[in-house]
Amino acid sequence: MFRVMVYEQDLEEIADWVLEYPDRETGGDLFGFWTHSGSPAVQLTLGPGPQARHETAAFFQDVRYLSERGRALQARHGLQHIGDWHSHHGLNLAEPSGGDASTVYRTLQANGFQRFLVCIANIRVDEVGARRRVSRPEVRGPVRRQAGNDLVVTLHAYLFDRDRRGFSAGQFVVLPGESPIAASARRDRIIADPAGAGSAWHVERADHRAGQSGGTAARRVPDGWHASPWGSSFLRVFDAELRRCFPDSRLVLTGLSLTYHLTAGDEAWELSFPLDFPTSPARLRAGGADLVVDCGGDNSPRRCLAVVSELLSSVADRDGRDGSAEVPQR
Ligand SMILES: [Zn+2]
């Protein structure tokens, strides 16, 4: 059993895409990173490209679309291609087919990947009212009704490893809202805005408490701070505010470390968050300057941004004064 981290927004988009092809396969690709414990963390989802082929029992991604977007996501945001997803629509097959498994092993070989995440979507038809009786809290979004039935897109996650036969099934850790990296990629027009049809989805969720207190399991090495519920909500607020103040700022992920590139005055700055943020502080670097972002114990996103802005403006003031001195004093 493994856990896959994914944002609500990605699940909503997948559900919308799946219901666009109710009786044919569709699919796309998953970008993100691998955590210390080997779990995939999805930061951005691609849908089918314009030249993708949708057949009843096969989906062929638009290869050019995937490689162009993949290159842009790697170059601008440091994201890796960690997996893909496709729909088995009404085929009633929640697991990868034999053909799917062969395709994955070819992908692992061709790209030299160690692991690959495969998500399979199915369309579940619920009788009206049935879902309300079951009342699953993890079913989200307004339900689209067709011929008196509710359509729910279910998603299952599977992990393939180059050195092992078969695959293992996973559970989801669903993070709220949209990943800041996806938001940034939309702003850069690497991916389009979501259709926003609000289709209903269902996933099997990991039980956080059971996952952390498992009998033989040692205490987990913390994953990237930004993948924790606190970290992701910090980053969402911080990212929006930062982009408001510094419109050209962009987020780059290298492994688990997270760095913003931004311009203040004429200087290009790097704002980097350490792996153990907020235990260790963020730092601002440009030229020879290396400034600690000291929030004085208040690690709210707004306080952090205020300190960053103060540091940048104090540097700009100092530069201004130095530049305006007509005659050096000594
Ligand atoms: Zn399949």
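Trainee: Why is the arrangement of donor atoms around the zinc ion irregular?

Mentor: This is a predicted model. In it, the 4 donor atoms subtend angles of 55 to 159° around the zinc ion, so the arrangement is irregular. Four donors count as tetrahedral only if all angles lie between 85 and 135 degrees.

Trainee: Which residues coordinate the zinc ion?

Mentor: His86 and His88 each coordinate through NE2, and Asp100 appears twice through OD. The distances run from 2.0 to 2.6 Å.

Trainee: How are those donor residues spaced in sequence?

Mentor: The pattern is H-x1-H-x11-D. Histidine 86 sits in strand S6, residues 80-87, while aspartate 100 belongs to helix H3, residues 98-111. The pair therefore ties together parts that are 14 residues apart in sequence.

Trainee: Is histidine 86 buried or exposed?

Mentor: Buried. Its relative accessible area is 8%.

Trainee: And aspartate 100, buried or exposed?

Mentor: Aspartate 100 counts as buried too, at 15% relative accessibility. The cut-off for buried is under 20%.

Trainee: New topic, backbone. What is the phi of histidine 89?

Mentor: About 30°, a positive value, although histidine 89 is not a glycine.

Trainee: Where does histidine 89 lie?

Mentor: In the loop between S6 and H3. Histidine 89 is buried, with a relative accessible area of 4%.

Trainee: What about phi of arginine 189?

Mentor: That one is positive, near 65°, and arginine 189 is not a glycine either. Arginine 189 lies in the loop between helix H5 (180-187) and strand S11 (200-203).

Trainee: Does arginine 189 count as buried or exposed?

Mentor: Exposed, at 67% relative accessibility.

Methods:
Residues numbered from 1 in each chain as written. Predicted model: local features only at pLDDT ≥ 70, side-chain atom pairs only at ≥ 80, totals over all residues. Heavy atoms only, no water. Donors = N, O, S within 2.8 Å, 3.2 Å for Na, K, Ca; no water. Tetrahedral: all angles 85-135°; square planar, octahedral: opposite > 155°, others 65-115°. Helix = DSSP H or I, 4+ residues; strand = E, 2+ residues; numbered from the N terminus. Buried < 20%, exposed > 50% of the residue type's maximum accessible area, 1.4 Å probe, protein only.
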